[in-house]
Amino acid sequence: MDPNKRVILSCKDVIKQYRQYDVTVTAVDRATFEIYDGEFVAIMGPSGSGKSTLLHICAGLDRPNSGSITVRGSDICSMGPDDLAEFRGNYLGMIFQNHNLIPQFTAMENILIPTLMCNRPDFSYEEHFRKLVATLNIADRLHHLPSELSGGQQQRVAIARALINRPQVVFADEPTGNLDRANADEVMELLLRTKEVMNQTLIMVTHDMKLAERADRILVMENGRIEAKRK
Amino acid sequence: MGYRKPYYNEDHKLVRYGIGDAVADAATFIRRFFAWRNIRHAFAGVIKGARGYAVFYAALILIQSLFWTVWLICDSRIAAMRAEADSGCDWNVTVEGLTHDEWVECYNGSLMFADEQKPSERGYVSYTVSSYYNAQSEVRYRVRARLISDSPAEASKFTARYGFEGEAVTVTVSERTEVYYRVAACRKNAVLTTVGLGVLSAVILLLLFLIRTNQFKFTYGIYMAFGAGFEKLLETAAWEMFAVSVLTFVPAALFSVLLFLLVLRGGGGSLAAGSLLSLPRIAGALCWTLSIVFVSVIPAVRILSASTPVKLLSAADNSNYVSSPRVSFRIFGKSFPFHYECFSFLRLRKYYIAVLSAAVLFTTLFSSGLLIADMRRTEQEFELPQFTVTATEGIDVSDIEVLDDIEGLKYVRWSTPVSATACASHAVLTRSQARSISGDTVNAQQDGMVASNGFRYIELSEELLYEVNVRGAWDVAEGDLSSVLSDADTAAVSLYVNNRQRLNIHAGDTLILAALRAQGAPIDYTRADKRWILSRQIADCYFVFYEVTVGAVVDTGSTGDEFSVVVSPELFSKLTGRSGEITSLELVFEPGATHAQIDEARDTVSAQLGGYEGFALGNTGRDFELAADSSQSPVAGIIYGSVAVMLVSPLVWMFAQIHFGYKRRKEMYILSAMGAADRDLSSLFLWSGALLSALACVFTLVFTSLLRRLIFFFINEYLPSLGFGRGIRYDYVFPWWGLLVCVAVSSAAAVISTYLPFRSWVRDRDLRRRAEAGADGE
């Protein structure tokens with residue numbers, strides 16, 4: 001990695017524990033790593049190893065019990081809920097494993113949710129939106145409800161939603177987990193293309209070794225710990 | 001708003017948050033909040049999605065109706081009192097007791113010249129002068145003036161400006177001026193009621209909002225994941241509620257007019273129209289509603305925004321309510337669907353507790369409203385005096401008898417109270433008789449008995465007995481009061497102190513009354529502790545004891561913190577060492593007495609009793625209260641209001657349950673796929689409804705009883721013990737029909753709210769099946 005590149009995300013001694021009845025489960029155990037601007041990092045590991053939890057914490061969707069996470073130089077753990085929400089809207093994008101599209105909204109409405117939430121009137125969405133839906137090949141499905149879309153189309157809508165605000169860091173939680181190989185490859189291509197075009201940092205949780213091999217770095221998790229960092 | 005903590009900007013420079021940033025943030029917030037787009041979206045959302053907002057439409061119609069109804073009733077009372085004052089007297093101030101010389105001096109000094117001026121300059125519109133004879137048969141002059149304003153300050157100015165002074169000159173203001181105070185009091189009550197209802201309304205809306213945010217956790221979770229914070233969520237929710245408030249404004253006003261006309265027993269249409277079209281009232285209603293909306297929306301949104309998106313997204317199926325999966329697993333080996341639903345009930349207990357609390361709260365408020373309505377009815381029926389007369393010199397009974405000729409007078413109430421402490425007397429009671437006042441008693445000289453001096457003696461004369469027996473001045477609960485006069489060893493007792501029954505005595509019981517014979521060691525009577533004084537008296541004084549039989553148990557009206565012992569004049573003299581002196585009177589009028597009669601009565605009483613030393617005549621304004629009450633039905637108003645509050649209960653319940661039922665669709669599909677029949681699934685919903693209904697009934701009964709007891713104690717006993725209240729004692733009633741309504745409403749709401757989601761599920765399933773069949777056919 002180029003030493004001149006700046007750190008975009010820094011995670012230090014992050015611990016996340018859940019209390020289930022009398023047992024304390026440690027989902028993330030002292031995770032420490034750094035991710036550089038424009039990097040593509042894959043997080044791998046067996047089910048229940050804490051990958052998604054770590055991703056949610058890094059994306060500011062959940063809070064750790066201890067440790068610190070710095071994104072773009074700001075400690076997101078010390079931010080209040082409102083500041084963190086605004087930070088998420090402005091700089092971070094999230095692609096959920098199971099799409100998480102709002103069923104009552106059409107594809108277009110789902111994609112435009114982040115623009116409404118961030119209230120950035122100086123931002124030109126229209127052109128960006130058109131390019132995005134053209135790139136993702138969903139222009140003809142914009143007025144359909146999620147239930148009327150295939151799994152691949154739903155995932156593309158979810159990707160468009162994550163990218164509409166031009167986030168600096170994109171978090172993807174098994175974005176191809178529910179797709180067949182052809183669709184998975186297509187979605188991955190799209191993600192990498194938009195990453196290059198928008199100069200984004202991509203952090204992706206995946207079980208797919210073939211996809212992970214395309215990453216700049218792979219973080220391997222086991223029992224909540226980052227066991228290995230490898231290419 | 002910006003980041004309040006220091007942060008690094010795009011150029012990696014540390015940015016600190018200052019006052020300028022705060023001002024800029026506030027300006028941004030205001031600009032964003034009042035963006036036309038927000039308002040447009042809110043209106044479009046609540047109109048297009050009217051079904052989803054139905055409960056908010058209903059709640060806001062109800063909330064706004066409460067405001068309008070309270071103020072329409074207030075306006076009508078004020079109008080009735082003003083009309084009564086207008087019809088009753090054409091003057092504001094009465095100056096009485098002027099001698100001829102004093103009157104001439106006033107007239108020649110200033111009044112004569114003022115007559116030439118304009119009313120606005122001289123301060124009065126007109127005046128009349130009349131002469132009358134006072135108690136000493138001397139000619140006196142009375143001046144009555146209609147002032148340019150009904151304000152009390154104007155009356156003071158008038159008397160000062162025209163020099164109405166003299167040794168025996170009295171100045172009284174008429175009902176026209178009195179009405180000023182009453183209008184202010186009426187408005188104050190309306191404001192307090194509005195504030196109380198505002199708090200209640202905010203609770204209702206908050207509950208509905210919490211239910212809504214709970215049901216739409218997934219959607220809110222997505223919003224928050226993509227940048228929505230407190231401000232964004234607030235502006236969406238607040239504008240939506242604003243839109244609903246605006247859309248329901250006119251229907252609510254019309255609904256309240258309907259309610260108002262019911263309360264008014266017909267009539268009042270023009271008054272209602274006048275109030276509804278008054279701009280300040282419309283502005284007040286809007287402000288009130290919007291305040292409630294904000295007060296209720298802000299905490300709900302704050303709670304929501306404090307949560308993390310992951311928590312909201314993972315709780316989309318209400319699984320946060322599923323507090324113990326292990327409990328759910330216990331269904332294995334148990335019958336389906338009853339046991340399944342019982343465990344579901346346990347599994348979802350937090351949700352059910354929230355729903356039950358809402359239901360029970362509003363049905364309890366309804367039941368309490370019925371109690372308050374009943375208390376109001378008692379107040380209306382209670383015979384409060386129009387005039388109170390006090391004098392430092394004892395009033396002669398023959399003078400009181402003259403008052404009987406006053407037209408419209410129902411009776412004169414008087415008594416001759418002498419405190420037992422003042423005459424160093426006490427009563428000896430059994431412990432059983434004094435059980436409720438054991439804290440105020442000391443051990444008596446007689447074994448096993450206790451002594452109390454917390455009572456007063458009243459002398460029963462023939463005249464007083466006549467007032468009681470013939471004209472109903474007191475209530476006789478037990479026995480025959482006339483036995484007190486016919487039998488020297490008989491007394492009557494009142495049981496209540498501050499509306500609380502303190503003595504356990506019945507007609508036929510024996511009571512020992514002690515009269516001081518000789519004082520031993522000196523006692524400090526200035527001490528406030530009556531028990532200490534009594535214990536010293538028992539230890540150091542000599543008493544003569546009179547054993548009397550309780551001939552009657554009576555209710556002598558307000559007795560302060562002492563009960564009464566009514567005895568014959570002979571016994572009164574022996575016990576107190578003095579004869580009974582009447583120093584206070586209460587004149588009670590027939591409800592239909594006219595103003596002219598009341599006005600004339602005032603003159604008669606002044607003429608007849610004005611000569612007594614320390615004479616003072618007070619007007620309680622009872623005629624105004626009766627006039628205001630007769631113009632409408634406050635009891636009916638309270639009952640309608642209570643019913644309206646109770647209607648919130650099924651509203652909240654059904655809203656929550658129906659949404660919750662939809663959430664359980666997936667569960668139903670899974671159970672159906674596992675082989676559960678429609679019958680079983682419908683049973684699930686019905687069991688849920690039945691269990692909920694049963695619990696609601698039980699909790700409603702318990703909480704209703706508790707709250708009613710509390711309200712009753714507060715109004716009937718606690719306030720009188722602090723010196724508030726007018727000596728009215730209320731009956732504690734528990735209307736079975738009100739409880740039946742509560743139970744019926746709870747049951748109906750539970751059954752309907754569980755049946756509707758089931759029907760919806762069946763419809764949804766059938767549609768899917770048909771769609772699948774159609775697809776197969778193709």
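Here is a short dialogue on reading aromatic pairs, ring-charge contacts and one helix in a predicted model.

User: How many aromatic pairs does the structure hold over all chains?

Analyst: There are 27 over all chains. Take B:Phe33 and B:Trp239: the ring centres are 5.3 Å apart with the planes at 35 degrees, so this pair counts as tilted. B:Phe33 belongs to helix H1 of chain B and B:Trp239 to helix H9 of chain B, so the pair ties together parts 206 residues apart in sequence.

User: Are B:Phe33 and B:Trp239 buried or exposed?

Analyst: Both are buried. They also belong to one aromatic cluster, along with B:Phe34, B:Phe43, B:Phe242 and B:Phe294.

User: Which aromatic pair is stacked, and how do I read it?

Analyst: Start with the general idea: an α-helix has 3.6 residues a turn, so residues three or four places apart point the same way. Now the case here: B:Phe714 and B:Tyr718 are both in helix H25 of chain B, 4 residues apart, about one turn of the helix. Their rings are stacked, 5.8 Å centre to centre with 25 degrees between the planes. B:Phe714 is partly exposed at 43% relative accessible area, and B:Tyr718 is partly exposed at 36%.

User: Where does a charged end sit over a ring?

Analyst: In chain A, look at A:Arg72, whose charged end sits over the ring of A:Tyr91, 3.8 Å from its centre. In chain B, the charged end of B:Arg142 is over the B:Tyr132 ring, 4.5 Å from its centre.

User: What about the span of helix H11 of chain B?

Analyst: Its 28 residues reach 40 Å from first C-alpha to last, close to the 40 Å expected. Its buried residues include B:Trp288, B:Ile292 and B:Leu304.

Technical notes:
Residues are numbered from 1 along each chain as its sequence is written. Chains are lettered from A and ligands numbered from 1 in the order in which they are written. This is a predicted model: local features need pLDDT of at least 70, side-chain atom pairs count only at pLDDT 80 or more; totals for chains, interfaces and linings use all residues. Side-chain values use heavy atoms; hydrogens and water are left out. Helices (H or I, at least four residues) and strands (E, at least two) are DSSP runs, numbered from the N terminus. The expected span of a helix is 1.5 Å times one less than its number of residues. Buried means under 20% relative accessible area, exposed over 50%, partly exposed in between (1.4 Å probe, protein chains only). Rings of Phe, Tyr and Trp (its six-membered ring) pair if their centres lie within 6.5 Å; planes under 30 degrees apart count as stacked, over 60 as edge-to-face and the rest as tilted. A charge sits over a ring if NZ of Lys or CZ of Arg is within 6 Å of the ring centre and within 35 degrees of the ring normal.
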